[in-house]
Amino acid sequence: MSTQPSCKEGEEGGELVSILNHLDELHEIPLADVRNFCIIAHVDHGKSSLASRVLEYTGNLGRERQLTAHQLGSDSDDRIATGTETNTTTNDSDSPGNPTSDAKEEITLLDTLAVERERGITVKASAASMLYRHPSATNDKGWILLNMVDTPGHADFGMEVSKSLDSVEGAVLLFDSAQGVQAQTLSVYDKARAIGRQRREIGLHSSEEEGEDDDAAGGIRILPALTKVDMPSARPLEVALAVSDLMGFDPDTILKTSARTRIGIQELLETICTKVPPPQQLPDDDGDMVRAKVIDSWFETKRGVIALVRVLSGTLAEGDRISVIEPASYDQIAEGAGDAQRVGKDNYSVQEIGLVMPHRIRTRKLMRGQMGYVIAGLRDPREARPGAILSLHKTIPTLIGKGMALPPSISMGQHSVLYASVHPMDGDGFDELFAAVSRLALSDAGLEIQQAAGASSGGGGGPFLGPGLRCGFQGLLHVEVFRQRLEDEFQMEAIVTPPKVAYTIHHLPSKNQHRAADLPMEEVIEDLIDWPTQGQRFKVMEPMVDVRVLAPMEYAGSVLELIKRKRGSKMETKPIDDNTWQITSSMPWAEVVTDFHDELKSTSAGYASFDVSESDPPLQEANLAKVDIMLNGDVVDPLAFVCHVDSAQSQGRIVCEKLQKVLPRQQFVTVIQAKAGGKIIASERIRAYRKDVLTKAGKTVGGGDITRKKKLLEKQKKGKKRAQASGKVTLSQAAFRAVISRSG
């Protein structure tokens with residue numbers, strides 16, 4: 001394998017190359033010299049930091065930083081080769097390698113959202129294009145065009161990972177050298193291999209070389225790499241052997257990297273250029289037909305919908321009139337079932353086009369193999385969903401007439417696993433909330449807007465919340481990030497009710513109550529307002545998931561006890577390495593989404609991690625009860641929850657106690673009650689503010705006359721009772737958080 005010249009040689013010979021200086025020459029790069037790859041890993045394993053160092057090394061951050069990166073990278077690699085300690089820092093504050101606060105800001109360049117920088121996690125995939133000089137290039141200049149996608153690591157944003165894997169041929173799989181293999185590492189690895197198998201089945205990619213492994217044959221070459229190898233707690237050899245035993249990678253091929261000291265950045269780029277295959281040309285590509293696949297899209301108030309696209313054939317330029325084609329509609333026409341006149345009926349003029357590096361740079365055109373952004377004046381978020389195809393409006397009849405190929409979207413489908421209602425803080429802000437959520441849904445692949453929730457659908461919070469939206473989410477963190485993004489990006493304060501899972505209800509025959517003949521005997525309940533009333537005969541099937549926990553050996557016993565307490569079954573254990581155990585179990589999904597994450601972290605001192613997958617069978621009969629929460633006798637539907645009958649009283653008491661602490665004190669008594677099975681199972685009271693009516697101007701009213709005092713106290717009591725009957729309790733987001741976590 002050829003190596004990149006040193007910084008000094010690069011300066012003298014002009015070997016260093018940056019895409020910023022050669023935007024007008026990108027058309028000379030053929031499809032064979034394009035590499036599309038993404039970075040996948042468990043949350044907080046350094047994906048964004050490593051991606052930022054790759055941008056620095058390839059010159060996207062400027063010539064000066066590129067030279068510094070090459071120099072420091074060479075020095076770090078030399079220290080690793082000679083066995084010199086690398087976890088030391090220079091005392092010179094002006095040194096370019098000193099980890100100052102500015103460097104910390106620059107190390108998360110691809111985390112552009114405010115919520116990402118605040119929480120230190122990636123919640124949305126980001127892309128960037130780069131140039132790199134490599135001997136495998138077929139063009140005269142020796143350039144490779146790299147299109148990199150940084151992905152989230154948390155399980156709640158798995159849709160973003162699937163979307164990214166659908167648009168690349170290579171994936172860098174990261175392992176933390178100190179933490180080793182984690183649960184989400186296995187999850188994203190399985191996801192990449194599954195998408196690769198789908199590609200192999202439909203023939204999108206095929207291996208041209210005998211003996212290639214399944215990853216290459218499936219169109220996604222997985223490159224294992226260790227991160228944070230310079231940390232004092234790093235154990236790269238042990239982790240590499242564990243990865244080899246678990247996933248079958250050759251330990252000698254596992255790369256060693258560090259974003260902090262820039263170790264292994266050059267070797268990573270060399271490996272990507274050598275091992276990741278270029279994208280394949282469409283079989284009917286004539287060089288003229290424009291087909292660009294939407295990878296991602298987002299909404300900006302001033303510019304409208306901005307689409308991140310990958311050009312599959314032809315050249316897309318500013319001024320072109322384009323149409324958006326949904327592959328599903330196009331397939332229906334090919335089968336003779338669709339209306340060809342409706343495909344591409346609407347057309348838009350391309351206003352701006354360019355590359356993402358990761359900041360947008362206008363280039364006025366995109367050619368085959370390039371990945372960039374398109375602004376075409378679209379205002380409806382639903383018009384540019386990921387997987388849609390952009391093509392010239394004038395060539396739509398030719399595209400349909402010749403039956404030219406449109407690449408299908410083969411990303412793994414995911415459905416919502418939690419459902420919640422979203423309500424505006426102000427009762428008259430529903431229209432603004434609907435517009436904001438619709439725009440946010442464009443850039444959040446896992447968000448599902450089911451309907452505008454009114455009083456009949458359960459999304460209306462009755463006298464407490466008013467009208468709202470019914471939304472589907474991928475997990476609890478997804479719910480929190482959604483609410484924060486509404487506030488950061490749209491200045492919209494909203495109340496999100498406690499998420500609920502979907503239950504399947506089987507109605508049973510009853511002598512006393514006859515179910516209408518036109519109503520189904522089985523229904524899926526996503527909102528607890530539709531839960532069967534007291535007296536009806538029915539059985540409940542709750543959703544189950546397979547939970548995979550990776551925890552240090554010393555905490556395995558505590559984790560097993562936690563899983564048992566959460567009604568886990570079919571528990572199995574096996575060692576991953578000398579320090580880590582893998583525990584698998586089948587658990588009710590409702591037990592996982594309440595507070596399993598927090599309790600697992602508390603039980604394992606923060607070291608354990610877990611991921612979930614669909615269980616087989618996906619449903620299981622359970623003895624469950626719906627617990628209603630009442631305020632002054634009025635049922636608050638959004639606060640209701642479902643739990644096992646045996647724990648209904650204890651969890652109802654916990655919720656009442658938490659609400660007593662977070663609800664504001666009123667001028668009247670607030671009675672908080674939990675009701676299940678037609679009985680009150682827990683109750684708490686919030687005392688009213690009380691004015692001292694027996695004292696006026698510092699003197700006691702009535703002197704020593706007790707009848708006068710009793711009259712005043714009785715009058716005050718009646719006033720409090722009237723206020724309690726007509727008063728309104730104000731619900732805050734803190735009140736709904738009390739229902740999410742119900743552990744004592």
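This section describes the fold, strand pairing, helix packing and salt bridges of a single protein chain, as seen in a predicted model.

The protein chain contains 19 helices and 33 strands, and buried residues account for 52% of its 744 residues. Among the contacts with a separation of 6 or more, 73% are made by residues that lie 24 or more positions apart. The accessible surface of the chain amounts to about 33,800 Å², and carbon and sulfur atoms contribute 48% of that area.

One open sheet is built from eight strands, which follow one another in the order β11-β10-β16-β7-β8-β15-β12-β13 with antiparallel pairing. At its edges lie β11, covering residues 348–349, and β13, covering residues 360–362, each of which pairs on one side only. Within this sheet, strand β8 (residues 304–313) runs antiparallel to strand β15 (residues 371–375), and the two are joined by five bridges. Leucine 308 is placed opposite tyrosine 373 of β15.

A further set of pairings centres on strand β25, which spans residues 580–588 and is largely enclosed by the rest of the structure, because seven of its nine residues are buried. Strand β23 (residues 538–552) pairs with β25 in the antiparallel sense over nine bridges, and in this pairing proline 552 stands opposite threonine 580. Strand β24 (residues 569–575) also pairs with β25 in the antiparallel sense, here over five bridges, with proline 575 facing tryptophan 581 of β25. The strands β24 and β25 form a hairpin, and four residues lie between them.

Valine 501 offers an example of a loop residue whose surroundings can be described in detail. This residue belongs to the loop that runs between β20 (494–496) and β21 (503–507), and its relative accessible area is 4%, so that it counts as buried. Apart from neighbours within four places in sequence, valine 501 is in contact with Val417, Leu418, Ile525, Pro543, Trp589, Ala590 and Val593. Of these partners, proline 543 is 42 residues away along the chain, yet the C-alpha atoms of valine 501 and proline 543 are separated by 7.8 Å.

The packing of two helices can be described in similar terms. The axes of helix α2 (residues 47–57) and helix α10 come within 10 Å of each other and cross at roughly 85°, an angle that makes α2 roughly perpendicular to α10. On the side of α2 the contact is formed by Leu50, Arg53, Val54 and Tyr57, and on the side of α10 by Ile265, Gln266, Leu268 and Leu269.

Across the whole structure, 26 salt bridges are found. One of them connects glutamate 25 with lysine 141, whose closest N and O atoms are 3.1 Å apart. This pair links distant parts of the chain, since glutamate 25 lies in the loop between α1 (7–13) and β1 (34–40), lysine 141 lies in the loop between β2 (126–133) and β3 (143–150), and the two are 116 residues apart. Both partners are partly exposed, glutamate 25 at 22% relative accessibility and lysine 141 with a relative accessible area of 29%.

A second salt bridge is formed where the side chains of arginine 260 and aspartate 230 meet, at 3.0 Å from N to O. Here too distant parts of the chain are linked, with arginine 260 in the loop between β6 (255–256) and α10 (265–275), aspartate 230 in the loop between β5 (221–227) and α9 (236–247), and their positions 30 residues apart in sequence. Arginine 260 is partly exposed at 34% relative accessibility, whereas aspartate 230 is buried, with a relative accessible area of 2%.

A salt bridge within a helix is provided by arginine 485 and glutamate 489, whose closest N and O atoms are 2.7 Å apart. The two residues are four positions apart in helix α14 (residues 476–490) and are therefore separated by about one helical turn. Arginine 485 is buried, with a relative accessible area of 5%, while glutamate 489 is partly exposed at 33% relative accessibility. Elsewhere, salt bridges that share partners bring Arg53, Glu56, Arg65 and Arg262 together in one network; Arg53 is also one of the α2 residues that make the contact with α10.

Conventions
Residues are numbered from 1 along each chain as its sequence is written. This is a predicted model: local features need pLDDT of at least 70, side-chain atom pairs count only at pLDDT 80 or more; totals for chains, interfaces and linings use all residues. Side-chain values use heavy atoms; hydrogens and water are left out. Buried means under 20% relative accessible area, exposed over 50%, partly exposed in between (1.4 Å probe, protein chains only). Contact means heavy atoms within 4.5 Å. Accessible areas come from the Shrake-Rupley method with a 1.4 Å probe; for residues, only the protein chains shown count as cover. Two strands pair if DSSP finds at least two bridges between them. A salt bridge is a side-chain nitrogen of Lys or Arg within 4 Å of a carboxyl oxygen of Asp or Glu. Axes are lines fitted to C-alpha atoms, for helices over the stretch in contact, and angles run from 0 to 180 degrees between N-to-C directions. Angles under 35 degrees count as roughly parallel, over 145 as roughly antiparallel, 65 to 115 as roughly perpendicular and the rest as oblique.
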